[in-house]
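Here is a short set of exercises to work through with the sequence and the 3D view open. Try each task yourself before you read its solution.

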Amino acid sequence: MWDDTVSPLHRSKCGLKGLSAEATLEERKAVELMKLRGYRLVKREDQKTSIRLLAEMPKTGKKAYFWCIPMEATVGVHYVKQLRKAMDADGVEGGIIIARGGYTPAAKASVVKEGIELIPRLFPAFEIFKHTL
């Protein structure tokens, strides 16, 4: 869930209009990563076991899928292959998986050849440099 300090106006300025006030922890992490890397949210899709966010870098037009997996389960090669298949089908250049659980060794090994990035569980869900305690 978004805390009260993140207003709908702020979300719209960052291109995050598609996210609800009930965003998952993984979605919030994806949003922070998008802001850090200069991406703008284009589309949000709920899937059976994940939330797919399509983002675009405004300056270059490069697109990336941010797959948010809000389950405690360990993410395996199956998710990596699903993401690669979706990237190929939609002409998306980059792929990022953000999961609540960990990643299997096989998934970690397969992302290198697939051009997909796995975000560690410890990645913050808030702006660490502008955050007030």
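A residue is called buried when its relative accessible area is under 20%, exposed when it is over 50%, and partly exposed in between, using a 1.4 Å probe and protein chains only. The model is a predicted one, in which local features need pLDDT of at least 70, side-chain atom pairs count only at pLDDT 80 or more, and totals for chains, interfaces and linings use all residues. Residues are numbered from 1 along each chain as its sequence is written, and side-chain values use heavy atoms, with hydrogens and water left out.

**Exercise 1. Place Lys 85 and classify its exposure.**

Step 1: find the element. Lys 85 belongs to helix H3; helices (H or I, at least four residues) and strands (E, at least two) are DSSP runs, numbered from the N terminus.

Step 2: apply the cut-offs. With a relative accessible area of 65%, Lys 85 is exposed.

Step 3: look across the chain. Glu 114 is 29 residues away from Lys 85 in sequence, and their C-alpha atoms are 10.0 Å apart.

**Exercise 2. Describe the overall fold and the sheet.**

Step 1: count the elements. The protein chain has four helices and five strands, arranged along the sequence as α-α-β-β-β-α-β-α-β.

Step 2: order the strands. The five strands make an open sheet, S1-S2-S3-S4-S5, with mixed pairing; two strands pair if DSSP finds at least two bridges between them. S1 and S5 are the edge strands with a single partner each, so one side of each has no neighbour in the sheet. On average, neighbouring strands are turned by 20° against each other, direction ignored.

Step 3: zoom in on one pair. S1 and S2 run antiparallel and are joined by six bridges. Arg 40 sits opposite Glu 56 of S2.

Step 4: add the helices. H2 lies across S1, S2, S3, S4 and S5, at about 155° to S3, while H3 lies across S2, S3, S4 and S5, at about 150° to S3. For these angles, axes are lines fitted to C-alpha atoms, for helices over the stretch in contact, and the values run from 0 to 180 degrees between N-to-C directions.

Step 5: check the whole chain. Of its 133 residues, 44% count as buried.

**Exercise 3. Which residues of H2 are buried, and what do the buried residues of H2 pack against?**

Step 1: check the helix length. H2 has 13 residues and spans 19 Å from first to last C-alpha, close to the 18 Å expected; the expected span is 1.5 Å times one less than the number of residues.

Step 2: list the buried positions. In H2 these are Glu 26, Glu 27, Arg 28, Lys 29, Ala 30, Val 31, Glu 32, Leu 33 and Met 34.

Step 3: find their partners. The buried residues of H2 pack against S1 (40-46), S2, S3 (63-69), S4 (94-99) and S5 (116-119).

Step 4: take one example. Glu 26 has a relative accessibility of 1% and counts as buried. Apart from neighbours within four places in sequence, Glu 26 is in contact (heavy atoms within 4.5 Å) with Cys 68, Ile 69, Pro 70, Ile 98, Ala 99 and Arg 100.

Step 5: see what comes next. Gly 38 follows H2 and has a positive phi, near 85°.

**Exercise 4. Sort salt bridges into those within a helix and those between elements.**

Step 1: set the rule. A salt bridge is a side-chain nitrogen of Lys or Arg within 4 Å of a carboxyl oxygen of Asp or Glu. By this rule there are 10 salt bridges.

Step 2: look within helices. Lys 35 and Glu 32 form a salt bridge at 3.0 Å, N to O, and both lie in H2 (residues 25-37), three residues apart. Lys 35 is partly exposed at 31%, whereas Glu 32 is buried at 7%. In H3, Arg 84 and Asp 88 are four residues apart and meet in a salt bridge at 2.8 Å, N to O. Asp 88 is exposed at 53%.

Step 3: recall the geometry. An α-helix has 3.6 residues a turn, so residues three or four places apart point the same way.

Step 4: look between elements. Arg 52 and Asp 90 form a salt bridge, with the closest N and O atoms 3.9 Å apart. Arg 52 lies in S2 (residues 51-56) and Asp 90 in H3 (residues 77-90), so the pair ties together parts 38 residues apart in sequence. Arg 52 counts as buried at 12%, and Asp 90 as partly exposed at 43%.

Step 5: extend the picture. Lys 43, Glu 45, Arg 52 and Asp 90 are linked in a network of salt bridges.
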